[in-house]
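Open the model in your viewer and keep the selection panel handy. We will go from one selection to the next, with a short note at each stop.

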Amino acid sequence: MLGAEARLLPSNEREKVLGEYQGWIRNIDADDEVIWASQQLTNKDYKDVVDLYRKVYPEEVTILPPDRYGDIVIMSSIGCPNRQCTFCVFYKDKPYKVLNEQMFARHLSDVKKLYGSKVNSSPGVFLGSANAMALSQRRLMYCLALIKEKLGTFKREVGTFADPDFSSKRTEAQWCELRESGLCQLVIGLETGWGALRARLGKSGDLNRCRNMVNCAKRAGINIGLTLLTGAAPWELRKENLKQTLITLESLALSGGDLIYLSPLSKNGFVDDAALEEQSEMKAVMMTMTDAKVVPYQMQRFQYFM
């Protein structure tokens, strides 16, 4: 595994990795404190953890950006306010619901209980679920303040998903207020910069709100992650999709701290060669025209581990 990009290793490298892994297993101290503690756990102990996990995350953590995999997920809401994306396998049957202040406070308490001392070693927080930016400014500021009060601060601060077409309107001052309160990254499902294709994918074909959100957030010092699908355009329209997407990217104030995730479209659980081929083509072109880091990403490989 190379970052978010999985690739088949040559046989000699596979043998080397396997040897390193087996050596690591053989060298584990049987008296290691963590191993000793795990050996004392009963079936009831494991069941209690499972029950607490399901209480903390009644909606499964289905997806995170690859650079935020180590984050503690905090649920300010559940579900998605759109639920019309034709390619989505995560939120179609999950209506959007915002946790009220009492529910959110209980959720943070349960998170602390579930993670214990691991809270202190987590690199960051990811505010879920599909679109925390749909919260009002007051509610979002409350969530950020309570996270800081109950869990402390984190090295890579707070990130969240955002859908510009289903988000609250914010002034320049409010964006700065969010940044000062720890929000450091928005991850937006752009999918394509071609409005006509984007509309066929179940999102708005008008990209003005997306441009406005990205550029306002950037002026406030908030980094951006953009997801682009590959394999969504028919083969004969791939060049037009790339052309229109590049035009859109050029209108965004992206910089070195930003990321573009190229995600091949999965159909019935499988990614076809055409989507992977387009992923490689787009990466090669985009790396020459943007300061943002362009990374391959296959979301179906995601698993959330505590």
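A pocket here is an open set of points on a 1 Å grid over the protein atoms alone, where a 1.4 Å probe fits, with protein on both sides within 12 Å along at least five of seven lines; lining residues have an atom within 4 Å of a point. A volume is the space filled by probe spheres set on the points, which are joined across faces, edges and corners. This is a predicted model, in which local features need pLDDT of at least 70 and side-chain atom pairs count only at pLDDT 80 or more, while totals for chains, interfaces and linings use all residues. Residues are numbered from 1 along each chain as its sequence is written, and side-chain values use heavy atoms, with hydrogens and water left out.

**Stop 1: the largest pocket**

The largest pocket holds about 690 Å³ of space. Select Phe 87, Cys 88, Phe 90, Glu 191 and Met 299: of the 35 lining residues, these are the closest to the pocket's centre. Now colour strand 5 (158–162), strand 6 (183–191), strand 7 (223–230) and strand 8 (259–264), the elements that each give two or more residues to the lining. Strands are DSSP runs of E with at least two residues, helices are runs of H or I with at least four, and both are numbered from the N terminus.

**Stop 2: strand 6**

Which strand gives the most to the lining of the largest pocket? Strand 6 does, with four residues. Nine of its nine residues are buried (under 20% relative accessible area, 1.4 Å probe, protein chains only), so strand 6 is largely enclosed by the rest of the structure.

Next, show its neighbours; two strands pair if DSSP finds at least two bridges between them. Strand 5 runs parallel to strand 6, joined by five bridges, and Val 158 has Leu 183 as its bridge partner. Between these strands the chain passes through helix 7 (residues 172–180) in a right-handed β-α-β crossover, meaning that, with the strands pointing away from you, the path from the first strand over the helix to the second runs clockwise. Five bridges also link strand 6 with strand 7, again in parallel; pick Gln 185 and its partner Asn 223 to see one.

**Stop 3: two cysteines**

Finally, select Cys 210 and Cys 216. How many disulfides (cysteine sulfur pairs within 2.5 Å) does the structure hold? Zero. The sulfur of Cys 210 lies 12 Å from its closest cysteine sulfur, in Cys 216, too far for a bond. For Cys 216, the nearest cysteine sulfur is that of Cys 176, 9.6 Å away. Cys 210 is buried, at 5% relative accessible area, and Cys 216 counts as buried at 5% too.

Notes:
Buried < 20%, exposed > 50% of the residue type's maximum accessible area, 1.4 Å probe, protein only. Disulfide = S-S within 2.5 Å.
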